[in-house]
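User: Could you walk me through some of the labels used for this model? I would like to see the reasoning behind each one.
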Amino acid sequence: MPELPEVESVLRALTDLDPSFPGRRVREVRILRPSAVDGPVEQFVKELTGAVFHEILRHGKYLFFRFTAHCATSSRWMVLHLRMTGRLFLVQANHAVQRHTRFYLLLEDELALRFDDPRAFGRVWLVDSPKEVTGRLGPDALAIGHDGFLRQLAQQNRQLKLLLLDQSFVAGIGNIYADELLFRAGLHPLRVSGSLNHNERERLFSSMHEVLTQAVQAKGANIDGVFEAGSFPVAVYKRNGQPCRNCSSMIHKERIAGRGTHYCPACQPAV
DNA sequence: CACTCTACCTGTGCGC
DNA sequence: TGCGCACAGGTAGAGT
């Protein structure tokens with residue numbers, strides 16, 4: 001499930017694989033699954049055909065592609081959310097379409113930007129400004145600094161698991177990294193944010209920052225039995241029934257805030 | 001106002 | 001072996 005580190009890796013892969021990606025012109029747009037596009041499909045195709053990409057940004061789990069349409073002066077943005085199983089990548093234009101390919105953009109130099117998504121939760125939008133999307137989001141979880149995070153935290157009094165998953169608190173953390181950073185911080189997912197002492201608040205920020213930074217460096221998470229491109233080793237996610245790497249206690253799983261939540265009962269005491 | 005539930009999807013892995 | 005079904009999860013929107 002792509003969260004901040006995985007989405008950041010997608011962005012870096014695009015620009016590393018193809019340093020001239022910003023600057024490329026779209027020759028053709030093919031939509032295989034119209035429901036992947038928010039809004040009228042014809043307009044999506046029409047606007048992007050002949051458009052030129054200028055830059056790619058990320059905020060939370062969203063990617064923003066700035067482009068200028070073929071005979072327009074002002075910029076427009078293609079916004080993408082991978083949701084659960086979406087994958088965005090560059091391929092050769094003749095690369096065979098897969099069963100789950102939802103759409104692709106044929107670019108110059110026989111390249112194609114392709115979106116595959118088995119679960120079909122992923123979506124793409126065209127908007128005038130990223131703010132139309134990021135306006136509902138909190139600060140990016142990796143861009144936010146120590147002081148900004150503590151300010152955000154001071155305004156809340158909610159269960160930590162719920163808080164971390166709330167994209168309007170900070171954007172980019174999903175179920176995997178919420179569990180991972182709470183483990184690193186030694187905080188139980190049901191602890192209420194308002195009850196944290198100074199030291200615990202500091203640990204929450206530093207753990208969030210370290211986990212996300214290291215996961216970006218590792219190009220995403222490595223989860224046993226689940227296909228993920230990255231090599232960040234998870235300590236608790238899907239490790240229920242296995243020994244904690246700190247203390248050998250059994251990793252526990254329960255449903256919190258409607259999500260499968262994994263933690264070490266010894267390292268993350270309830271009170 | 002704050003929380004919970006459901007829809008959206010389909011591959012996986014279980015029990016029978 | 002094969003069938004049916006619960007489950008996984010991010011987000012929006014509806015419901016309590």
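Analyst: Happy to! This is a predicted model. A good place to begin is His-100: an N or O atom in its side chain is 3.2 Å from a phosphate oxygen of DNA strand B.

User: What makes that pair of His-100 and DNA strand B a polar contact?

Analyst: A polar contact needs a pair of N or O atoms within 3.5 Å. The His-100 pair is 3.2 Å apart, so it counts as a polar contact. Arg-33 also has a polar side-chain atom 3.1 Å from a phosphate oxygen of the strand. For Arg-119, the partner is a base oxygen of DNA strand B, at 3.0 Å.

User: Which residues are near DNA strand B, and what makes them "near"?

Analyst: They are Arg-33, Arg-99, His-100, Pro-118, Arg-119 and Phe-121. Each is called near because one of its heavy atoms lies within 4 Å of the strand. On the DNA side, sugar and phosphate make up 50% of the strand B atoms that come within 4 Å of the protein. By class, these residues are two nonpolar, one polar and three charged.

User: How do you know where the second largest pocket lies relative to domain 1 and domain 2?

Analyst: Look at the lining: domain 1 (4-134) and domain 2 (146-263) both contribute residues, so the pocket lies between them. Its volume is about 460 Å³. The lining has 19 residues, with Lys-61, Met-84, Gly-174, Asn-175 and Arg-259 nearest the centre.

User: What is the make-up of that lining in nonpolar, polar and charged residues?

Analyst: The lining of the second largest pocket has 10 nonpolar, four polar and five charged residues.

Note on methods
Residues are numbered from 1 along each chain as its sequence is written. Chains are lettered from A and ligands numbered from 1 in the order in which they are written. This is a predicted model: local features need pLDDT of at least 70, side-chain atom pairs count only at pLDDT 80 or more; totals for chains, interfaces and linings use all residues. Side-chain values use heavy atoms; hydrogens and water are left out. On a 1 Å grid over the protein atoms alone, a cavity is a set of points where a 1.4 Å probe fits but cannot get out, and a pocket is an open set with protein on both sides within 12 Å along at least five of seven lines; lining residues have an atom within 4 Å of a point. Grid points are joined across faces, edges and corners, and a volume is the space filled by probe spheres set on the points. Ala, Val, Leu, Ile, Met, Phe, Trp, Tyr, Cys and Pro count as nonpolar, Asp, Glu, Lys and Arg as charged, and the others, Gly among them, as polar. Domain bounds come from an automatic or database domain assignment. A polar contact is a pair of N or O atoms within 3.5 Å; within protein, one must be able to donate a hydrogen and the other to accept it, and residues adjacent in sequence count only if both atoms are side-chain atoms.
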